[in-house]
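Q: Please look closely at the second largest pocket in this model and describe what lines it. Then carry on into the rest of the structure, as far as the computed contacts allow.

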Amino acid sequence: MKFFLALNVFLICFSAWAQEDRACNCCSEDHLAFDFWIGNWEVSNARGVAAGKSSIVREERGCVIREKWTSVKLGYTGTSLNFYNGITKQWEQLWVDNAGTFLKLKGNRVGDSMILSSDEFVKDGKNYKNRITWTRNKDGTVRQLWEVLDGDEVDTILFDGLYTRK
């Protein structure tokens, strides 16, 4: 009985998927707001020194943007999953690296910039927040600026990088 119930659920889901195969669930203007970051990139820091390489592609029928990062620092890699959450009307990012660290961000595009921030966290008794801004430049490059905020003030810049297409 469980087998037939599971089979029926599968067939219903497959049928619905097959009917929607031509529909694009993630093609709204909001869903496409981060497309300027898609590509294969060489990344340098603010001094022009190579920082790493990043491959950014659309997956899951266009509903997810996946980043695969490889640092020039030997052995350091990471990945992020980025998607537009239609319920909260915000972009979300989950970054995870091979050192076991992670970062969760959310926000939206403002002009030519995608601005995503973390929830507040406490360090040394003070409240901080991560803010990462990706800005599409007129020459086709993308600047990524990672700031740590103390309230509304920038406390630290963790990364200031330039993405240049390969």
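A: Sorted by class, the lining of the second largest pocket holds four nonpolar, five polar and four charged residues; the model is a predicted one, and everything below should be read in that light. The volume of this second largest pocket is about 200 Å³. Its lining is made up of 13 residues, and those that lie nearest the centre are Glu92, Gln93, Lys104, Leu105 and Lys106. Strands β4 (77–85), β5 and β6 are the elements that give two or more residues to this lining, and the largest share, four residues, is contributed by β5.

The largest pocket can be described in the same terms. It has a volume of about 530 Å³, and 20 residues line it, with Trp69, Tyr76, Trp95, Asp97 and Trp146 lying nearest its centre. Two or more lining residues come from each of β3 (64–71), β5 (90–97), β6 (102–110), β9 (126–136), β10 (142–150) and β11 (153–165). By class, the lining of the largest pocket divides into 13 nonpolar residues, four polar ones and three charged ones. Strands β5 and β6, which are named for this largest pocket, are also among the contributors to the second largest one.

Next come the aromatic rings. When rings of Phe, Tyr and Trp are paired if their centres lie within 6.5 Å, the count comes to nine aromatic pairs. In one of them, phenylalanine 34 and tryptophan 37, the ring centres are 4.9 Å apart and the planes meet at 15°, so this pair is classed as stacked; both of these residues are buried. In another, tryptophan 41 and tyrosine 163, the ring centres are 5.8 Å apart and the planes stand at 85°, so this pair is edge-to-face. That second pair links distant parts of the chain, since tryptophan 41 belongs to strand β1 (residues 39–45) and tyrosine 163 to strand β11, 122 residues apart. Tryptophan 41 counts as buried because its relative accessibility is 0%, and tyrosine 163 is likewise buried, with a relative accessible area of 1%. Phe34, Phe36, Trp37, Trp41, Tyr84, Trp91, Trp134 and Tyr163 together form one aromatic cluster.

Strand β1 also contains glutamate 42, which at 34% relative accessibility counts as partly exposed, because that value falls between the 20% limit for buried residues and the 50% limit for exposed ones. The C-alpha atoms of glutamate 42 and tyrosine 163 are separated by 5.8 Å, although these residues are 121 places apart along the chain. Leaving aside residues up to four places away in sequence, glutamate 42 touches Gly52, Lys53, Leu162, Tyr163, Thr164 and Lys166.

Serine 113 offers a further local picture, and it lies in strand β7 (residues 113–117). With a relative accessible area of 13%, serine 113 is buried, because the value is under 20%. Its side chain makes a polar contact with the side chain of threonine 135, at 2.8 Å. Not counting residues up to four places away in sequence, serine 113 touches Asn108, Thr133, Trp134 and Thr135, and of these Trp134 is also a member of the aromatic cluster.

Conventions:
Residues are numbered from 1 along each chain as its sequence is written. This is a predicted model: local features need pLDDT of at least 70, side-chain atom pairs count only at pLDDT 80 or more; totals for chains, interfaces and linings use all residues. Side-chain values use heavy atoms; hydrogens and water are left out. Buried means under 20% relative accessible area, exposed over 50%, partly exposed in between (1.4 Å probe, protein chains only). A polar contact is a pair of N or O atoms within 3.5 Å; within protein, one must be able to donate a hydrogen and the other to accept it, and residues adjacent in sequence count only if both atoms are side-chain atoms. Contact means heavy atoms within 4.5 Å. On a 1 Å grid over the protein atoms alone, a cavity is a set of points where a 1.4 Å probe fits but cannot get out, and a pocket is an open set with protein on both sides within 12 Å along at least five of seven lines; lining residues have an atom within 4 Å of a point. Grid points are joined across faces, edges and corners, and a volume is the space filled by probe spheres set on the points. Ala, Val, Leu, Ile, Met, Phe, Trp, Tyr, Cys and Pro count as nonpolar, Asp, Glu, Lys and Arg as charged, and the others, Gly among them, as polar. Rings of Phe, Tyr and Trp (its six-membered ring) pair if their centres lie within 6.5 Å; planes under 30 degrees apart count as stacked, over 60 as edge-to-face and the rest as tilted.
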